[in-house]
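Here's a walk through a two-chain model, written for someone who likes to check contacts and strand pairings by eye. Have the viewer open while you read.

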Protein chains: 2
Amino acid sequence: MTPETVKEEIYAMGKKAKQAAHRLSILSEAQKNEILCSMAVELRAKTAEIIAENLKDLEAAEEKGLSDAMVDRLRLDEARVDAIAAGIEKVATLPDPVGNVLDKWTRPNGIEIEQVRVPIGVIGIIYESRPNVTSDAAVLCLKSGNATILRGGSEAIHSNRIIAQALQEGGAKAGLPEGAIQLIPFTDRASVNVMAGMDEYLDLIIPRGGTALINAVVTAARMPVIKHYNGICHAYVDSEADIAMAVEVVDNTKTQKPSVCNAMETLLVHESVAEVFIPQIADEWLKHEVEIRGDEATQEILGGRIEVATEEDWTTEYLDYVVSVKVVKSLDEAIAHINEYSSQHSEVIITENKANAERFLNELDSACVFHNASTRFSDGEEFGFGAEIGISTDKLHARGPMGLKELTSYQYRIRGNGQVR
Amino acid sequence: MTPETVKEEIYAMGKKAKQAAHRLSILSEAQKNEILCSMAVELRAKTAEIIAENLKDLEAAEEKGLSDAMVDRLRLDEARVDAIAAGIEKVATLPDPVGNVLDKWTRPNGIEIEQVRVPIGVIGIIYESRPNVTSDAAVLCLKSGNATILRGGSEAIHSNRIIAQALQEGGAKAGLPEGAIQLIPFTDRASVNVMAGMDEYLDLIIPRGGTALINAVVTAARMPVIKHYNGICHAYVDSEADIAMAVEVVDNTKTQKPSVCNAMETLLVHESVAEVFIPQIADEWLKHEVEIRGDEATQEILGGRIEVATEEDWTTEYLDYVVSVKVVKSLDEAIAHINEYSSQHSEVIITENKANAERFLNELDSACVFHNASTRFSDGEEFGFGAEIGISTDKLHARGPMGLKELTSYQYRIRGNGQVR
């Protein structure tokens, strides 16, 4: 394939997607649900084929020497295929946001203005590894009336292809417009660049993956991008914290699932409670063998049992049983530290002092700010969205957990009886 | 100035703006209004200086041989300076969107989730000609809690500088944080590229200007861009239109102010009313010497009095007393034409048939879709927003007229009593 052929092929997909998007935008909720259910049926019917194709990806992964964790993320078995199908059925039960009236008012001249949710159009999803994203992303976009162009990673290409095919075939049986869900057959970086330049067809790109991938998309993209970046999340234990609650919540933010973006990476402790709180949380963390990297004050309290936190630690997303700890003199210092080092994902304050809590919530420029609850609740499911396409670390359009509503735009519909200016 | 010095200087402004943005985000509505009123006072006090600086721009414009229309857009006199100051005072009377609760719910585990409007942060505004934009854009951003970095065109540099200075000095007297409003002293394209790459400090760029400028920003930008592009707006006169209303509304969309983006460029007429309607609107347009470019059917009806519309006409924003006219066989053909050629700004259907109207509103993918009212109402003032930063032709974050609300993002504030996952 020459670069020109690749470009031509991707542009042809873009054109098809744009046409499909118009048809999708006027499908009723019932029609979309019927399509979704038919996709789930087809996916289950293709279980054996999917597992056979997935095996090719697993063999390639082992040849390449991918880690066990990576191989496990790729693996599909009967239960996992069933879970993907169940996920589609669940999306069918979620309320359709398209057509919702967000606002409505009448002007003195009598024109009625209505702000109505409409689909975004064509959404490009660029992702790595997990083949379930092929289905999860496509069906959320479909339910919100959008066409998708999917571009998965090379590690999962066989799995992604067969899953996309199942969605297309199952969907077609229930009236899915052709071109509504398409998978780019190329997995090289050049295909990402072609997508990023295709602003006449793509209304939005959502990159889900590592920093290098996201950076490449941001640099090349001519259309809006909603990044799902990393989470350098903070917990702050205030001078007026309930210490028992602080131990339980802070431990949960770190150890309940350290590999995810809403897990805590840096703990800040007010100096007045540091000597009481830090030994207790350190004991708790011994159970999980959490590596503690502390500033000088923390080291003194823990008697040199720990590593030294360097400047680099404050900017690192460990995604592991590692935590950096700093003792601060005040709420102001905590807020300043977080506003400087946070990736603006999720932060929590533990305190019984409402005024301190409100200052923390009000003065932090992060997507989710918590008072006395674990940052692990920064999640579409936990928010009650029913499903999520991811967690936006951007500030425009959608911020924090993104569900179906966040996959829509709006349109003004204005009704008059002959008004002119 | 070497390119490195320019970059250093702009980045230093970016850093300052980011610091100011934090302070702005927690100012009360009363504090912001006090700052705005103090700016208006200072601007009026500097009227003579502003007019003197403006004279330098006007002289340069005449030397360069700019058109009378261009020179008039640049000109500031006492009345215009007063109008700018009055505009600031008006923004002070508008409700502050920051802190508004957009949504609120409690989860089964007891955590309370609140979605609250917060400022976006630092907004870059890139614009051309009109010096009043310096004030209009800066004060709307300020009222919504954002810092601004302004980059105006070379034609208005003297005027822009003195206006920005008046805003800064007037604001400082009432507690405006330093760095909240800054004007880039460079007017070359390189400075635009530096801004476009500065995503660590700029949360959003709004380019207002010609296609070349907007294209340059879109290509280079690493942060979100909200484009204020052109308006290829359509009017469709349906088979069941009230012909008298159609003449009045269609005339208004074209001739009330043809130089603006919400003016109509292409008229589509259902064939069943073409022979009645087209001669009437053509007579109306004779008064304004509107140049009509028609398809074959239109030419036949008007007896060859008109120019021929070519493919290029359907994609042209005339911004002038020129219109393209096409006779269509059906509502479907009208919708298909608009979805193909429109810039998705504003479109209107004239009809007494409600079902046709609703299909038109529902099936068009444009920011503003009208039934029996002029497209000229696509405007922040006409919508009742009190003021507008412009009209977004993008679909993400803000679409159509943008007021104060559209200059905000949101944040989730979650309150619990020790919940963990």
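What follows goes from confidence scores to the chain contact, then to the sheets and the helices packed around them.

This is a predicted model, so a quick look at the scores comes before anything else. Chain A has a mean pLDDT of 96, and 100% of its residues reach 70 or more. For the model as a whole, ipTM is 0.95 and pTM is 0.94.

**Where the chains meet**

The contact between the chains takes 55 residues from chain A and 55 residues from chain B. On the chain B side, the elements that give two or more residues are helix H1 (3-25), H9, helix H10 (243-255), helix H15 (354-363), strand E13 (368-373) and strand E16 (408-419). Which of them gives the most? That's E16(B), with 11 residues. By class, this side of chain B divides into 23 nonpolar, 20 polar and 12 charged residues.

**A sheet that runs through both chains**

E16(B) also turns up in an open sheet of 10 strands with mixed pairing. Read across, the order is E10(A)-E9(A)-E11(A)-E8(A)-E7(A)-E12(A)-E13(A)-E16(B)-E2(B)-E1(B). Strand E10 (307-308) of chain A and strand E1 (101-106) of chain B are the edges; each has a single partner strand, so one side of each is left without a neighbour in the sheet.

Where does the strand order step from chain A to chain B? Between E13(A) and E16(B). Those two strands pair in the parallel sense over 5 bridges, and Phe370(A) has Ile414(B) as its bridge partner there. Next along, E2(B) (residues 112-119) pairs with E16(B) in the antiparallel sense over 8 bridges. In that pairing Val116(B) stands opposite Gln411(B), while Gln115(B) is bridged to Tyr412(B).

E1(B) and E2(B) are antiparallel too, joined over 5 bridges, with Val101(B) standing opposite Val116(B). They form a hairpin with 5 residues between them, and Gly110(B) in the turn has a positive phi of about 100°.

Two helices of chain A are worth picking out against this sheet. Helix H10 (residues 243-255) of chain A packs on it, touching E7, E8, E11, E12 and E13 of chain A together with E16 of chain B. The direction of H10(A) makes about 165° with that of E12(A). Helix H11 (residues 271-286) of chain A lies across E7, E8, E9 and E11 of chain A, at about 145° to E8(A).

**Two domains in chain A**

Chain A is divided into domain 1 (3-229 + 398-415) and domain 2 (233-381). Their centres, taken over C-alpha atoms, are 35 Å apart. How many residues of each are in contact with the other? The count is 6 from domain 1 and 6 from domain 2. On the domain 1 side they are 3 nonpolar, 2 polar and 1 charged.

**The parallel sheet in chain B**

Chain B holds an open sheet of 4 strands in the order E5-E4-E3-E6, with parallel pairing. Its edge strands are E5 (181-183) and E6 (204-208), each pairing on one side only. Ignoring direction, neighbouring strands are turned by 15° against each other on average. Strands E3 (residues 122-127) and E4 (residues 147-151) of chain B are joined by 5 bridges, with Gly124(B) partnered by Ile149(B).

H8(B) lies across E3, E4 and E6 of chain B, at about 155° to E4(B). H9(B) lies across E3 and E6, running at about 165° to E6(B).

**Helix pairs in chain B**

Here are two helix pairs side by side.

| Helix pair | Angle between axes | Axis distance |
|---|---|---|
| H8(B) (189-197) and H9(B) (211-220) | about 35° | 9 Å |
| H6(B) (132-143) and H7(B) (157-172) | about 35° | 8 Å |

H8(B) passes H9(B) in a right-handed crossing. The contact brings Arg189(B), Val192(B), Asn193(B), Ala196(B) and Gly197(B) of H8(B) against Ala216(B), Val217(B) and Ala220(B) of H9(B). These residues divide into 5 nonpolar, 2 polar and 1 charged.

H6(B) passes H7(B) in a right-handed crossing. Thr134(B), Ser135(B) and Ala138(B) of H6(B) meet Asn160(B), Ile163(B), Ala164(B) and Leu167(B) of H7(B). This contact has 4 nonpolar, 3 polar and no charged residues.

Note on methods:
Residues numbered from 1 in each chain as written. Chains lettered and ligands numbered in written order. Predicted model: local features only at pLDDT ≥ 70, side-chain atom pairs only at ≥ 80, totals over all residues. Axes fitted to C-alpha atoms, helices over the stretch in contact; angles between N-to-C directions. Left-handed = near helix turned anticlockwise from the far one by under 90°. Contact = placed C-beta atoms within 7 Å. Nonpolar A, V, L, I, M, F, W, Y, C, P; charged D, E, K, R; others polar. Pairing = 2+ DSSP bridges. Domains from an automatic or database assignment. pLDDT = per-residue confidence, 0-100.
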